[in-house]
Amino acid sequence: MLKNTHMSGLDPKLDKIDSLMTADQNRDMFNYIAPHYDGANRILSIGLDQRWRRQAVKRLESNAGHLYLDVGCGTGDISFEIVRQDPKARVIGIDSSRGMLEIGWTKIRRYGVESQVSFREGDCLDLEFPDNTFDRAISVFCVRNVTDHNRAFSEIVRVLKQEAKLVIMELTEPDGPIMKPLFRIYSKTVMPFVTKIMSSVSAYKYLAASMAAFPKPDQIKGAMIGAGMIDVQYSQMTGGIVTVYEGYKTGNKS
Ligand SMILES: C[S@@+](CC[C@H](N)C(=O)[O-])C[C@H]1O[C@@H](n2cnc3c(N)ncnc32)[C@H](O)[C@@H]1O
């Protein structure tokens, strides 16, 4: 379990969970920042966020007409990218923040993909779907916010079909000799400035702290294997700011 060194002392419940916030605090934060989320993402990532999403969806090795689960779908950009790459796809997104989903529902209508994409309120620690339902699952920039990574992975693996693929993408604090100091400067200058204009300073503090506190890639890989995945690999993008994990549910094809 991740130790909440940054915040411990503020709320005793935080010592028992993997994230820096309780689920309620996290939901409130995303409800609050939802109207600014897409714009802040584009600016903070200097437009790279959509490229990262395209790469994450590519790793799913889409096959025409699959049923996909988008975990922590937020305002929906991963689900829309899935449909772009697999025009026959059916996608169900789940998210715990109604504010984020409301933006997503508007985008479903704007893009005219009502027959293929649907978003529902839900918690990835307790998925409403039966075992072995989905052909693919993906979760982008969500796991960092979840209070129990192991349980989230177990739930996602449970609802995947045997041998189906899971892709996880997360922001990470870069470790390299060039990117680490560059990122530190960026996180102390650009990030607070942009988030102050777009939404809230506390959301910026949380973003930077949660990136620093997120477990190292080998730990996340271990958690995915522990949840019943095989052939788990990870690779880093943009100097280590983003890590993408991919693997398959173990077992015989159903
Ligand atoms: C940083 S956003 C990422 C949204 C989207 N995947 C994207 O690519 O922009 C993280 C999302 O995870 C959601 N989330 C956090 N904890 C969750 C949980 N336990 N179950 C479902 N969604 C959760 C948040 O509400 C938020 O919309």
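In this predicted model, an oxygen atom of the ligand sits 2.7 Å from an N or O atom in the side chain of Tyr37. Two further side chains make approaches of this kind. For Arg53, a polar side-chain atom is 2.8 Å from an oxygen atom of the ligand. For Asp123, an N or O atom of the side chain is 2.9 Å from a nitrogen atom of the ligand. The ligand taken alone exposes 600 Å², and 96% of that is buried by the protein.

The shell around the ligand can be described by distance, by class and by the elements that supply it. There are 20 residues around the ligand, and those that come nearest are Tyr37, Arg53, Gly72, Asp95 and Val140. Sorted by class, the shell holds 10 nonpolar, seven polar and three charged residues. Helix H1, residues 23-44, and strand E2, residues 90-95, each contribute at least two residues to the shell. The largest share is that of H1, with three residues.

Tyr37 also leads to Thr75, a residue in the loop between strand E1 (67-71) and helix H3. With neighbours within four places in sequence left aside, Thr75 is in contact with Tyr37, Asp38, Phe80, Met100, Ile103, Gly104 and Lys107. The relative accessible area of Thr75 is 2%, so this loop residue is buried.

Beyond that loop comes H3 itself, which spans residues 77-85. Seven of its nine residues are buried, so the helix is largely enclosed by the rest of the structure. The buried positions are Asp77, Ile78, Ser79, Phe80, Glu81, Ile82 and Val83. Phe80, one of these buried residues, is also among the contacts of Thr75.

Ile82 ties H3 to the nonpolar interior. In soluble globular proteins, nonpolar side chains tend to be buried together. Here the largest nonpolar core has 37 residues, and Ile82 is one of those with the most contacts inside it, together with Trp52, Val117, Ile138, Met169, Leu171 and Val242. Apart from neighbours within four places in sequence, Ile82 contacts Val57, Leu60, Tyr68, Ala89, Val91 and Ile138. A second core, separate from this one, has 31 residues, including Val143, Ile168, Ile220 and Tyr245.

The remaining points concern loops between strands. Asp126 is in the loop between strands E3 and E4. Its relative accessible area is 54%, which makes Asp126 exposed. Even so, Asp126 touches Arg151 and Glu155, when residues up to four places away in sequence are not counted. The C-alpha atoms of Asp126 and Ser154 are 9.8 Å apart, although 28 residues separate the two along the chain.

Asn132 belongs to the loop between E3 (117-121) and E4 (134-140). Asn132 is not a glycine, yet its phi is positive, at about 55°. The residue is partly exposed, with a relative accessible area of 31%. Thr238 also has a positive phi without being a glycine, at about 50°. Thr238 is located in the loop between strand E6 (229-237) and strand E7 (242-249). Its relative accessible area is 32%, and Thr238 is therefore partly exposed.

How values were computed. Residues are numbered from 1 along each chain as its sequence is written. This is a predicted model: local features need pLDDT of at least 70, side-chain atom pairs count only at pLDDT 80 or more; totals for chains, interfaces and linings use all residues. Side-chain values use heavy atoms; hydrogens and water are left out. A residue is near a molecule or strand if one of its heavy atoms lies within 4 Å of it. A polar contact is a pair of N or O atoms within 3.5 Å; within protein, one must be able to donate a hydrogen and the other to accept it, and residues adjacent in sequence count only if both atoms are side-chain atoms. Accessible areas come from the Shrake-Rupley method with a 1.4 Å probe; for residues, only the protein chains shown count as cover. Helices (H or I, at least four residues) and strands (E, at least two) are DSSP runs, numbered from the N terminus. Ala, Val, Leu, Ile, Met, Phe, Trp, Tyr, Cys and Pro count as nonpolar, Asp, Glu, Lys and Arg as charged, and the others, Gly among them, as polar. Buried means under 20% relative accessible area, exposed over 50%, partly exposed in between (1.4 Å probe, protein chains only). A nonpolar core is a set of buried Ala, Val, Leu, Ile, Met, Phe, Trp, Tyr and Cys residues joined through side-chain atoms within 4.5 Å. Contact means heavy atoms within 4.5 Å.
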